[in-house]
Amino acid sequence: MSVAPGKTNRTSLALGWEAAKANAVPALILQAAMLAVLISYYLSPACADFLDRLAHYKEQHGLAFVVVAAAIAGAIVPEIFVIVFFQRGRFRRENLRNLTFTIPTWAVDGILVDLMYRLNAFWFGDVTTVLVVSAKILVDQLGYNPFIAAPLEVLVYEWKNEGFSWASVRRALTSHHYRDKIVPTLLATWAVWAPLMAIIYSLPFALQFPLFSIALTFWVLLLTYMTNRFAGKIKADAPPALSIAKL
């Protein structure tokens with residue numbers, strides 16, 4: 001049975017709006033924390049020295065830092081969150097299976113994000129003018145996100161949720177899937193990440209990925225909320241994603 005275009009569009013918008021509302025409070029907290037880091041970097045010599053040391057450490061270790069940081073922030077910390085808050089601190093075999101999936105998933109994602117940051121720095125320079133920061137945000141949120149990040153991440157989680165069925169992969173290549181799943185994910189993403197990107201790109205290049213890693217844990221929980229919502233595991237009136245996250 002086909003769905004009228006207007007109804008489908010409203011559904012996509014509604015799903016994105018639901019996710020944005022469900023995560024509004026933790027998103028604002030995260031954005032405030034990241035803004036505090038940005039302000040401290042430029043106003044506090046002690047904070048700037050600490051972050052510069054972190055940036056130097058990242059530059060020294062290169063790809064190894066990217067892979068480890070992304071795996072910890074995107075896989076290990078969210079799984080610990082689930083174990084502590086929803087499993088009463090008890091580690092289960094299911095958690096190990098989840099980590100077997102999420103560690104390589106987010107390690108690869110970290111590599112892609114770091115490459116995108118490097119390309120932005122190459123194209124626009126490692127400076128923090130309004131025009132340069134704006135250009136990097138546009139490439140990130142209107143280029144990388146809708147064409148690479150959101151489609152791939154939703155695909156991978158749906159693939160897992162459906163028992164690694166290749167039917168989900170074939171379905172992900174259709175325009176209907178993009179309209180019904182990727183568009184609402186993008187709407188929820190932009191509400192959270194657009195302000196964060198302004199903060200991240202206002203820091204030197206070497207600090208951009210470490211700051212991204214801080215926000216990655218929240219994004220994983222938001223993505224989990226969206227993909228479970230699509231699968232019908234979360235009702236429309238469910239509580240915020242941070243209170244029902246199940247990877």
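In the predicted model, Gly125 adopts a positive phi of about 95° just after helix H4. The helix that precedes this glycine, H4, comprises the 32 residues 93-124. At 1.5 Å a residue, H4 should span 46 Å, and its end C-alpha atoms are indeed 46 Å apart, so expectation and model agree.

The loop between H4 and H5 also contains Thr128. With a relative accessibility of 40%, Thr128 falls between the limits of 20% and 50% and therefore counts as partly exposed. Leaving aside residues up to four places away in sequence, Thr128 touches Tyr42, Val133, Tyr201, Ser202 and Leu203. One of these partners, Tyr201, is 73 residues from Thr128 along the chain, yet the C-alpha atoms of the two residues are separated by 7.1 Å.

Helix H5 covers residues 130-161 and includes Glu158. The relative accessibility of Glu158 is 4%; because this value is under 20%, the residue counts as buried. The side chain of Glu158 is joined to that of Lys181 by a polar contact of 3.2 Å.

Aromatic residues were examined next. Nine aromatic pairs are present in the structure. In one of them, the ring centres of Trp123 and Phe124 lie 6.4 Å apart and the ring planes meet at 80°; since this angle is over 60 degrees, the pair is edge-to-face. Phe124 has a relative accessibility of 31% and so counts as partly exposed. A tilted arrangement is found for the aromatic pair Phe209 and Phe212, with 5.4 Å from centre to centre and 45° between the planes. Both Phe209 and Phe212 belong to helix H8 (residues 205-230), and because they are three residues apart there, about one helical turn separates them. Phe209 and Phe212 are both buried.

A single aromatic cluster is formed by Phe101, Trp159, Phe164 and Trp166. One member of this cluster, Phe101, also faces a charge: the charged end of Lys160 sits over the Phe101 ring, at 5.7 Å from the ring centre.

Terms used
Residues are numbered from 1 along each chain as its sequence is written. This is a predicted model: local features need pLDDT of at least 70, side-chain atom pairs count only at pLDDT 80 or more; totals for chains, interfaces and linings use all residues. Side-chain values use heavy atoms; hydrogens and water are left out. Helices (H or I, at least four residues) and strands (E, at least two) are DSSP runs, numbered from the N terminus. The expected span of a helix is 1.5 Å times one less than its number of residues. Buried means under 20% relative accessible area, exposed over 50%, partly exposed in between (1.4 Å probe, protein chains only). A polar contact is a pair of N or O atoms within 3.5 Å; within protein, one must be able to donate a hydrogen and the other to accept it, and residues adjacent in sequence count only if both atoms are side-chain atoms. Rings of Phe, Tyr and Trp (its six-membered ring) pair if their centres lie within 6.5 Å; planes under 30 degrees apart count as stacked, over 60 as edge-to-face and the rest as tilted. A charge sits over a ring if NZ of Lys or CZ of Arg is within 6 Å of the ring centre and within 35 degrees of the ring normal. Contact means heavy atoms within 4.5 Å.
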